[in-house]
Amino acid sequence: MRIAAGLIFAGVVSLYASGTAWSQTPATRGVTAPQAAPVPAAALAPAKAPCANPNALGIARVVEIDTTGGPGFGFEHFKQLDFLRDKEVVLTFDDGPWPLNTPSVLKTLADECTTGIFFSIGKHATYYPEILKQVAAAGHTIGTHTWSHATLTNKKLTEQQRKDEIEKGFSAVKWALGASPAPFFRFPALQHPPEMVTYLGTRNIAMFSCDLDSFDFKASKPQQVIDVTMKKLDKLGKGIILMHDFHKHTAEALPELLRKLKDGGYKVVQMKAKAPVQTIAQYDEEIVKDIKLPTVSSRPVSSVVQTISE
Ligand SMILES: [Zn+2]
């Protein structure tokens, strides 16, 4: 049973009329944008230096999502919430954090003074909490993508195991960040078991499919990522783009892809949550226990590695 996302349409997306402090793109005022009082920059992103790139892609507008009832985004699976205007895109990155590739994606986004949503795998967050902290420090939105990237439609999993994958993913990312992420979730392989869609609705967690898949995980070269994405985007005219900061090709493709977005007149929309996710204490505790498992060696590096000549 699909949750009735349409019922919560009215309150789900708030539109800020102004860009963020580091946006170089003038605010776009549309008929649906409320003429709200200016939103303090601090509420939109951590304090940042002004954008140094006068020709940056920037951020056209910021939308705030009320995740009550678990709204779904991305027309591949959820058709109720069509909030993007023509030529608007949302950049999303899955499966990180990962060494080299995630920091490379962060640098490219910073060079263009723009932003995305990072759907982190719980286990990866526990491996590389410092990288995930960099994602947060740069002002990007962080959601989750299960604990171990299990495909939740797998019939071998019990309903409880599916819930565990979701909840442990959120608790792991919270542990890594030292703060709760957004209640934003993407199912691995975009496989949506109906009972988990219902469950996320009860947890007030928004679900993200996509409007267009870059198929970067299938690409053998960065150019393919760019070509597939731009071809689909030019056909659709707007959309939530699915990419992976986990993949080297994506990190390598991103500078040119963002240039092409800018040259093509596309604008980036930042999606933020109205409130952080409420994790469940049992899973928070489980993560802490996992992290405290003895490692292969707890000896300090100086007692293991000594320079004997230089
Ligand atoms: Zn994934």
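Is T146 buried or exposed? I started there. T146 is buried, with a relative accessible area of 0%. I note early that this is a predicted model.

**Backbone oddities**

I looked up T146 further. Its place is the loop between β6 and α6. T146 is not a glycine, yet its phi is positive, about 75°. Most residues other than glycine have a negative phi, and most peptide bonds are trans. I therefore kept a list of exceptions to that rule.

L100 went on the list. Its phi is positive, about 65°, and it is not a glycine. L100 sits in the loop between β4 and α3. I checked its exposure too. L100 has 70% relative accessibility, and the cut-off for exposed is over 50%, so L100 counts as exposed. T146, in contrast, is buried at 0%.

I then looked at the peptide bonds. The bond from G96 to P97 is cis, with omega near -5°. P97 lies in the loop between β4 and α3. L100 lies in that loop as well.

**Zinc site**

Which protein atoms are donors of the zinc ion? I found D95 (OD), H145 (NE2) and H149 (NE2), lying 2.0 to 2.2 Å from the ion. Along the chain the donors follow the spacing D-x49-H-x3-H. D95 and H149 link distant parts of the chain, 54 residues apart. D95 is in the loop between β4 and α3, and H149 is in the loop between β6 (141–144) and α6.

I compared these loops with my list. The loop of D95 also holds P97 and L100. The loop of H149 also holds T146.

I looked up accessibility for two of the donors. D95 has a relative accessible area of 9%, under the 20% cut-off, so D95 is buried. H149 has 29% relative accessibility, so H149 counts as partly exposed.

**Nonpolar cores**

I turned to the largest nonpolar core, which has 31 residues. V89, L91, F93, L109, L132, L254 and L261 touch the most other members. Several elements supply at least two residues each, including β4 (88–94), α3 (101–111), α5 (129–137) and β10 (239–244). The helices α6 (159–177), α8 (222–236) and α9 (248–263) do so too. Which element gives the most? It is α9, with 6 residues.

I followed L261 outward. Leaving aside neighbours within four places in sequence, L261 is in contact with L57, V89, L91, M230, L233 and Y266.

Another core lies apart from the largest one. This second core has 16 residues, among them V63, I65, F208 and V269.

**Helix pairs**

I took α8 and α9 first. Their axes are 8 Å apart, and the packing angle is about 40°. The two helices are therefore oblique to each other. Their crossing is right-handed. On the α8 side I listed P222, Q223, V225, I226, T229, M230 and L233. These meet H249, E252, A253, E256, L257, K260 and L261 in α9.

How do the axes of α6 and α10 cross? They cross at roughly 70° and come within 8 Å, with α10 spanning residues 281–291. That makes α6 roughly perpendicular to α10. This crossing is right-handed. From α6, the contact is made by Q160, K163, D164, E167, K168, S171, A172, K174 and W175. From α10, I noted Y283, D284, E286, I287, V288, D290 and I291.

How values were computed: Residues numbered from 1 in each chain as written. Predicted model: local features only at pLDDT ≥ 70, side-chain atom pairs only at ≥ 80, totals over all residues. Heavy atoms only, no water. Core = buried A, V, L, I, M, F, W, Y, C linked by side-chain atoms within 4.5 Å. Buried < 20%, exposed > 50% of the residue type's maximum accessible area, 1.4 Å probe, protein only. Helix = DSSP H or I, 4+ residues; strand = E, 2+ residues; numbered from the N terminus. Contact = heavy atoms within 4.5 Å. Donors = N, O, S within 2.8 Å, 3.2 Å for Na, K, Ca; no water. Axes fitted to C-alpha atoms, helices over the stretch in contact; angles between N-to-C directions. Parallel < 35°, antiparallel > 145°, perpendicular 65-115°, else oblique. Left-handed = near helix turned anticlockwise from the far one by under 90°.
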